[in-house]
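Here's a quick briefing to read alongside the structure. Have the viewer open and follow the topics in order.

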Amino acid sequence: MADKLFPRWLLALAETPGSQIETLNSAERLGVLTSTEQWLEARNLRNRLVLEYMTEPEKFAEDLALAKEYSLVLLDTFNRLRQDAIARMGHKAENLPEALILPRPR
């Protein structure tokens, strides 16, 4: 999303995408991301899970629990982008994928 979708979305809004951090900050400013910092944390977690060899089972279990939380951030971001496409870009809801139903916070 951060590498391809967000820059194209900004271009569609006549915004100029910059570096990835600038693009994420723009997405946060425009209400599509709730937190650039949270997004970067999720990205670091993804890199840790995919690129590093885990030797501590407890740490791996913690990271998997975090991955579950961050997956909800991704799903929420999809819903926010979808709503933005409807509200700001004038797309019809029926022409877009359905909104995702997220679990309620406990």
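Which residues of helix H1 (residues 5-12) are buried? They are Phe-6, Pro-7, Trp-9 and Leu-10. Keep in mind that this is a predicted model. After H1, we'll go through the largest pocket, then Thr-77 and Phe-78, both in helix H4.

**Helix H1**

- The buried residues of H1 cover an arc of only 160 degrees around the axis, so they end up on the same side of the helix.
- Flip to the other side of H1 and you'll find Arg-8, Leu-11 and Ala-12, which are exposed.
- What do the buried residues of H1 pack against? Their partners are three helices: H2 (20-29), H3 (36-51) and H4 (57-87).
- Ala-14 follows H1, and its phi is positive, near 65 degrees.

**The largest pocket**

- The volume of the largest pocket comes out at about 370 Å³.
- H3 and H4 are the elements that give two or more residues to its lining.
- H3 has the largest share of that lining, with seven residues.
- In total, 16 residues line the pocket, and those nearest its centre are Trp-39, Ala-42, Arg-43, Arg-46 and Leu-74.
- By character, the lining splits into ten nonpolar residues, three polar and three charged.

**Thr-77**

- Is Thr-77, in helix H4, buried or exposed? Thr-77 has a relative accessible area of 2%, so it counts as buried, the cut-off for that being under 20%.
- Its side chain reaches the backbone oxygen of Val-73, at 2.8 Å.
- Leaving out residues up to four places away in sequence, Thr-77 touches Met-1, Phe-6, Val-32, Leu-33 and Trp-39.
- Two of those names have come up already: Phe-6 is among the buried residues of H1, and Trp-39 is one of the residues nearest the centre of the largest pocket.

**Phe-78**

- Phe-78 also sits in helix H4, but here the relative accessibility is 26%, so this residue counts as partly exposed.
- With residues up to four places away in sequence left out, Phe-78 touches Met-1, Pro-97, Glu-98, Ala-99 and Leu-100.
- Met-1 is touched by Thr-77 and by Phe-78.
- How far apart are the C-alpha atoms of Phe-78 and Ala-67? They are separated by 17 Å, with the two residues eleven apart along the chain.

Methods
Residues are numbered from 1 along each chain as its sequence is written. This is a predicted model: local features need pLDDT of at least 70, side-chain atom pairs count only at pLDDT 80 or more; totals for chains, interfaces and linings use all residues. Side-chain values use heavy atoms; hydrogens and water are left out. Buried means under 20% relative accessible area, exposed over 50%, partly exposed in between (1.4 Å probe, protein chains only). Helices (H or I, at least four residues) and strands (E, at least two) are DSSP runs, numbered from the N terminus. The arc is that of the directions from the helix axis to the C-beta atoms. Contact means heavy atoms within 4.5 Å. On a 1 Å grid over the protein atoms alone, a cavity is a set of points where a 1.4 Å probe fits but cannot get out, and a pocket is an open set with protein on both sides within 12 Å along at least five of seven lines; lining residues have an atom within 4 Å of a point. Grid points are joined across faces, edges and corners, and a volume is the space filled by probe spheres set on the points. Ala, Val, Leu, Ile, Met, Phe, Trp, Tyr, Cys and Pro count as nonpolar, Asp, Glu, Lys and Arg as charged, and the others, Gly among them, as polar. A polar contact is a pair of N or O atoms within 3.5 Å; within protein, one must be able to donate a hydrogen and the other to accept it, and residues adjacent in sequence count only if both atoms are side-chain atoms.
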